[in-house]
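The paragraphs below go through the model from its ligand outward to its nonpolar cores and its confidence. Please keep the sequence and the coordinates at hand.

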Amino acid sequence: MFEGFNKTKKRKLDNTESSSSALHQSKPWVEKYRPKQLDDITAQGHAVSVLKKTLQSANLPHMLFYGPPGTGKTSTILALAKELYGPELMKSRILELNASDERGISIVREKVKNFARLTVSKPSKNDLENYPCPPYKIIILDEADSMTADAQSALRRTMETYSGVTRFCLICNYVTRIIDPLASRCSKFRFKPLDATNSIGRLEYVAREESVQYDDDVMKCILDISEGDLRRAITLLQSASKRILYTGEKQVTSASVKELAGVIPDDVFQVVIDKVSKNDVNETIEYVNEFIKSGWSAASVINQLHDYYITNDEFNSDFKNKVSLILFEMDSKLANGTNEHIQLLNLLVKISQI
Ligand SMILES: Nc1ncnc2c1ncn2[C@@H]1O[C@H](COP(=O)(O)OP(=O)(O)O)[C@@H](O)[C@H]1O
Ligand SMILES: [Mg+2]
């Protein structure tokens, strides 16, 4: 594998990266290591065991999967479909639409409805012998919480009318954004954020398969940064392992992972804290100018200030409450697209004046 990596490096340096094997090597690891069967899905024991039971009876309800990103929702329904139909029949029995597809009301009326009303294709003899091949199709609406309420309403009738030949699987992060009449027609499956043991197991597996060398504390560092989102964790591992090809380091270090993830290094962060405690507005203004110029994002400051203040026993609850409110306010302002520079200044000055 290392040989392979070295070849990639040379090719990149030669500027001829378009060969097909280079493309193959750069396949995102999240796709390459997407669980292929239900048994490979970690940490979602409840959802997986219920789904496995439905596999035996091959009688599936409409389903609603919800939970934070990168916890296995899409992988689970794809694995389930594969186990129900096998890789061949799956192609004609599954319609998968995600947020990048237009899913306004007209699409629901046309594309979804047309697929829903189709009679099911006949399985081949081979498929029948190896898979349950139940007599219905599955329509997967990934990221369903980004569908308008109108489109969701339109879906309601389709769901009812064609339930004889079609099952729906809605996937979303926020279950509250699915209108009640839809949610109440589905069996709900909650996907939990992955805990450290489970994620580390999966990450170490990927690292082993790809022969990535890494320091002892790297996995923990990746997990802290990705907060239960395994997609983010695997992507970070892949970027970090690509990076050492160029920097010449022997193995992935937590410092390089942090840098890739945009985490502000301890020494820089310490200066931020010092400025806050000093409470000199002019100095803070000057410092924020420099800080923004060196490319750190205000969002990272908010995250790290949060960890610093909230987990630190030196500060009393009253102080922590006030800091939280300020951080919350800044976070929502930034999410609405206000100017980073001004918000960061505002944030530091406000905290120093508590
Ligand atoms: N529970 C899990 N078990 C194993 N791998 C997982 C799990 N959750 C996420 N992953 C990994 O993260 C990637 C993204 O998972 P995905 O199913 O697309 O998440 P979601 O749809 O919940 O955002 C997958 O390719 C897989 O490698
Ligand atoms: Mg998904």
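Ligand 1 lies between domain 1 (2-31 + 195-261) and domain 2 (33-190), because both give residues to the shell around it; the domain bounds come from an automatic or database domain assignment. The model is predicted: local features need pLDDT of at least 70, side-chain atom pairs count only at pLDDT 80 or more, and totals for chains, interfaces and linings use all residues. Residues are numbered from 1 along each chain as its sequence is written, while chains are lettered from A and ligands numbered from 1 in the order in which they are written.

The shell around ligand 1 holds 21 residues, with Arg-34, Gly-72, Lys-73, Thr-74 and Ser-75 the closest; a residue is near if its C-beta atom, placed from the backbone, lies within 6 Å of the molecule. Two or more shell residues come from each of α5 (73-93) and α12 (230-247), helices being DSSP runs of H or I with at least four residues and strands E runs of at least two, numbered from the N terminus.

Away from the ligand, Ile-171 touches Phe-65, Ile-77 and Leu-141, among others, not counting residues up to four places away in sequence; contact means C-beta atoms, placed from the backbone, within 7 Å.

Confidence, given as pLDDT (the predictor's confidence in each residue, from 0 to 100), averages 85 over the chain, and 92% of the residues score at least 70. The mean is lowest in helix α1 (residues 2-13), at 40, and highest in strand β1 (residues 63-66), at 95. Over residues 1-24 the pLDDT is below 50, and this stretch has 14 contacts in the model beyond near neighbours in sequence.

Technical notes. Two residues are in contact if their C-beta atoms, placed from the backbone, lie within 7 Å.
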